[in-house]
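Dear colleague,

Please find below the structure that I am handing over to you. My findings follow directly after it.

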Amino acid sequence: MEKYIINGGNKLYGSVEVQTAKNSVLPILAATVLTDDKVKIFNVPNITDAKNMVKILSGLGCRVAFEGNDLVVDGSFAEKDEIPRALAHELRSSVFLLGSIISRFRTAKIAYPGGCDIGLRPVDLHLTGLKRLGVNIKEENGYIICECDKLHGDEIMLDCPSVGATENIMLAAAKAEGTTLIKNAAREPEIEDLQRFLNCMGAKVRGAGTGTIIIEGVKALHGCDFQPIPDRIEAGTFLIAAAMCGGEIELRNACAENISSLLHKLRENGCKIRLNNDKIILENHRRLTSVKSVETQPYPGFPTDLQAQITALCCICRGQSIITENLFETRFKHVPELRKMGADITVINRNAFVRGVEKFTGATVVAHDLRGGAALVTAGLAAEGRSEVLDISHIDRGYGSFEYKLRSIGGDIVRVSV
Ligand code: UD1
């Protein structure tokens, strides 16, 4: 077990390179199973979710090797159609492989997925979608067991625009017979990135980024080299950290358009933000004013993956805020921890009512999930005194070299073994 020790109060100054998006890399790695050729993904982030996905691919028989920061997957050796319990529990995204594995082998067996404990996170939409494409599914002893004679295109209307279900259906439909239409599809930038990747492999997908995605099945897919988009959630976390601590930071390899909902809120708070090609520069030298309300929504609304961090920011702003979490029902586990640092927050159902306090004070807190953990780190950096953030394995799932990057811009943070 490891923890962070943070001496808060330093302003943040300097430049940080944004990593490749976790939520692009994971479904793209799942998609590599669709071809027998080699695929090279550039700049895969050094995060445990990606490493676990590599373990899963290796478990299927794929040959996977890092060349520096790039990952080469050779799917020609894939021979197993099963993801065992131990691995599936490490990584919720293992369920994305259902679409790819069934496409490849016509059978698939996957243990129910794990990942962040932030609510029920059902997979019913994934399964209903796959059934429409011709897959027979049964559930036995915690495993989802699938088989089909062939996959065929169909029209699928999602009850809600689930990111994972949209991606899974895209993967299964890429080589299905005929055309698949996904209606009420998720519109996240990572879905567009998956479309770009599939098309690089020879697929015929269009419409990603809108509510309707059309996939014309092709017979085979081929290898390619691919650079996924920058991580908008990591970028947002750094911007929020700088807004809380004060100072001036520059993000390189950032896509402002993909986090415009956050930039809008930060400007409303009083931060100065400048954009210059792939750079976002944030400057702040004073206590910020609260935003009145933040409501998480599917893209292009405010991302649920930045809710914990913006809640931490609102805690030390002047005035009151209401943060509403619409996507996941138990995504307020960071609130009791922030309270230990002096925050004044009351949670009622899906709403967190935040009354701004002058400052955080250092405390020992526990990371219960990935983004909540990152929010505690930003609070620790802004706090007066010393904080300890325990259970940081959650944070390692999604932030590569987090403490190195924070130290490079002036944060006083070290990782120690417990
Ligand atoms: C993805 C992201 C995650 C982000 C989330 C929402 C990845 C690897 N993870 O997760 O970081 O927080 O999008 O932006 O890309 N739902 C159902 N049935 C289903 C599937 C989902 O009811 O079969 C519900 C969920 O409970 C949730 C909502 O739909 O309330 C959104 O979930 P979804 O978009 O599927 O999130 P993930 O793909 O799991």
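The ligand is surrounded by 19 residues, of which Asp 124, Leu 125, Ser 162, Asp 305 and Leu 327 come nearest; a residue is counted as near if one of its heavy atoms lies within 4 Å of the molecule. Please note that this is a predicted model, in which local features need pLDDT of at least 70 and side-chain atom pairs count only at pLDDT 80 or more, while totals for chains, interfaces and linings use all residues. Residues are numbered from 1 along each chain as its sequence is written, and side-chain values use heavy atoms, with hydrogens and water left out.

The ligand site

By class, the shell around the ligand consists of eight nonpolar, six polar and five charged residues. In this scheme Ala, Val, Leu, Ile, Met, Phe, Trp, Tyr, Cys and Pro are nonpolar, Asp, Glu, Lys and Arg are charged, and the others, Gly among them, are polar. Helices α5 (124-132) and α6 (163-173) each supply at least two residues of the shell, and α5 gives the largest share, three residues. Helices (H or I, at least four residues) and strands (E, at least two) are DSSP runs numbered from the N terminus.

Oxygen atoms of the ligand also meet the backbone. A backbone N or O atom lies 2.5 Å from a ligand oxygen in the case of Leu 327 and 2.7 Å in the case of Val 163, and a polar backbone atom of Pro 122 is 3.3 Å from a ligand oxygen. On its own the ligand has 740 Å² of accessible area, and the protein covers 87% of this (Shrake-Rupley method, 1.4 Å probe; for residues, only the protein chains shown count as cover).

Helices α6 and α7

In α6, ten of the eleven residues are buried, that is, under 20% relative accessible area with a 1.4 Å probe and protein chains only. Among them are Gly 164, Glu 167, Asn 168 and Met 170. Ser 162, one of the residues nearest the ligand, caps the N-terminal end of α6, with a side-chain oxygen 3.5 Å from the backbone nitrogen of Gly 164.

The end C-alpha atoms of helix α7 (residues 189-200) are 17 Å apart, which agrees with the 16 Å that its twelve residues should span at 1.5 Å a residue; the expected span is 1.5 Å times one less than the number of residues. The buried residues of α7 include Pro 189, Ile 191, Leu 194 and Phe 197. Gly 202, just after α7, takes a positive phi of about 105°.

Strands

Strand β21 (residues 351-355) pairs in the antiparallel sense with β19 (residues 320-324) over five bridges, and likewise with β20 (residues 344-348) over five bridges; two strands pair if DSSP finds at least two bridges between them. Opposite Arg 355 of β21 stands Gln 320, and opposite Val 354 stands Ile 345. β20 and β21 form a hairpin with two residues between them, and Asn 349 in the turn has a positive phi of about 55°. In a regular strand the side chains alternate between the two faces of the sheet. In β21, Ala 352 and Val 354 make up the covered face, and Asn 351, Phe 353 and Arg 355 the uncovered one.

A further sheet is open, with four strands in the order β4-β5-β3-β14 and mixed pairing. Its edges are β4 (63-67) and β14 (225-226), each of which has a single partner strand, so one side of each is left without a neighbour in the sheet. Strand β3 (residues 38-41) runs parallel to β14, joined by two bridges, and Ile 41 stands opposite Phe 226 in β14.

Yours faithfully

Terms used. Polar contact = N/O pair within 3.5 Å; in protein donor to acceptor, adjacent residues only side chain to side chain. Buried < 20%, exposed > 50% of the residue type's maximum accessible area, 1.4 Å probe, protein only.
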